[in-house]
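Work through the exercises below with the model in view. Each task is followed by a solution in steps.

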Amino acid sequence: PHFLYNSFFTLYRMGKDEDYESIVEFSSYLSEYYRYITKNSQKEVSLKMEVEHARRYGMIQAIRFRRRLKVVVNELPEKFNDIQVPRLILQPILENAIYYGVGDMDEDDHPRNGLLKVWYEEKEKLLFIHVEDNGSGMTLEEMEQVRKNFEKTADSVENGLCNINQRLKIRFGETCGILIERGMNGGTCCSLVL
C-alpha cells in the first residue's frame, strides 16, 4: 500500500507542477505495473515478462526520485526471452537495492547520485541477472548473515530474498538461487542465478 500511496503523491506533485508529460508517462508505468500484479495469476511467466515488469518498477522509482536515482535495465538477450521463471523474482530485488542500497543517498550528502543497473551474464550454462547499486554496500558480516538466512528451511523464511532464493532452487536446482557480492561500483551486486 505504501508504494501506491507514494505513487499517488507523486502524481499529485506532478499535477501541481503542471508536468503533464511526466503524469502521462508515470501513470502508464503505474497501470502496467498493477496490471501485472493483479491480472496475472500464473505461477511462472516468461523471463521477458518478468524483466519488463521490473523495468516498469524501476522507471516508476526513477521518476519518483529523479533528482537522486537513475535506473538502467539492459535489454534481455533474445535467446533468454522464453525461459519460464517464478513470478515476481526480479522486481523485489530492485526494490531492496533502492531501499537498502541507494535509498539513503541524498544529493546534499553524497557527491554522486544513486545508480541501479540490471545486466545479464551467461557463464557455464547459467544465466546471471545482476542487480547492482552504487550505494555504500554491505559489510562482510552483513553479506554472511544474508547467506546464512538463505540456508533456513521453508517454514522459517520471513524474508523476501530468502523466498526468491528458495523458489529459484526449486525451479532450477541447487546450483541456482541468489548470489550476493560486492559491486564493481562500491555498492552491492545481488544476482539471480538461473
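**Exercise 1.** Find the residue of β7 that stands opposite Leu179.

Solution. Leu179 faces Ser191 in β7. Next, take the strands as wholes: β6 and β7 run antiparallel, joined by 6 bridges. Then look at their hairpin: 5 residues lie between the strands, and Gly186 there has a positive phi near 90°. Strands here are DSSP runs (E, at least two residues) and helices are too (H or I, at least four), numbered from the N terminus. This is a predicted model: local features need pLDDT of at least 70, side-chain atom pairs count only at pLDDT 80 or more, and totals for chains, interfaces and linings use all residues. Residues are numbered from 1 along each chain as its sequence is written, and side-chain values use heavy atoms, without hydrogens and water.

**Exercise 2.** State how β5 and β7 run, and name the partner of Ile129.

Solution. β5 (residues 126–133) and β7 are antiparallel, with 5 bridges. Ile129 stands opposite Leu192.

**Exercise 3.** Explain why β7 is largely enclosed.

Solution. Count first: 6 of the 6 residues of β7 are buried (under 20% relative accessible area, 1.4 Å probe, protein chains only), so the rest of the structure largely encloses this strand. Now split the faces. Thr188, Cys190 and Leu192 are buried on one side; Cys189, Ser191 and Val193 are buried on the other.

**Exercise 4.** Give the strand order of the open sheet and its edges.

Solution. The 5 strands are ordered β2-β4-β5-β7-β6, with mixed pairing (at least two DSSP bridges between two strands). β2 (69–73) and β6 (177–182) are the edge strands, each pairing on one side only.

Key. Buried means under 20% relative accessible area, exposed over 50%, partly exposed in between (1.4 Å probe, protein chains only).
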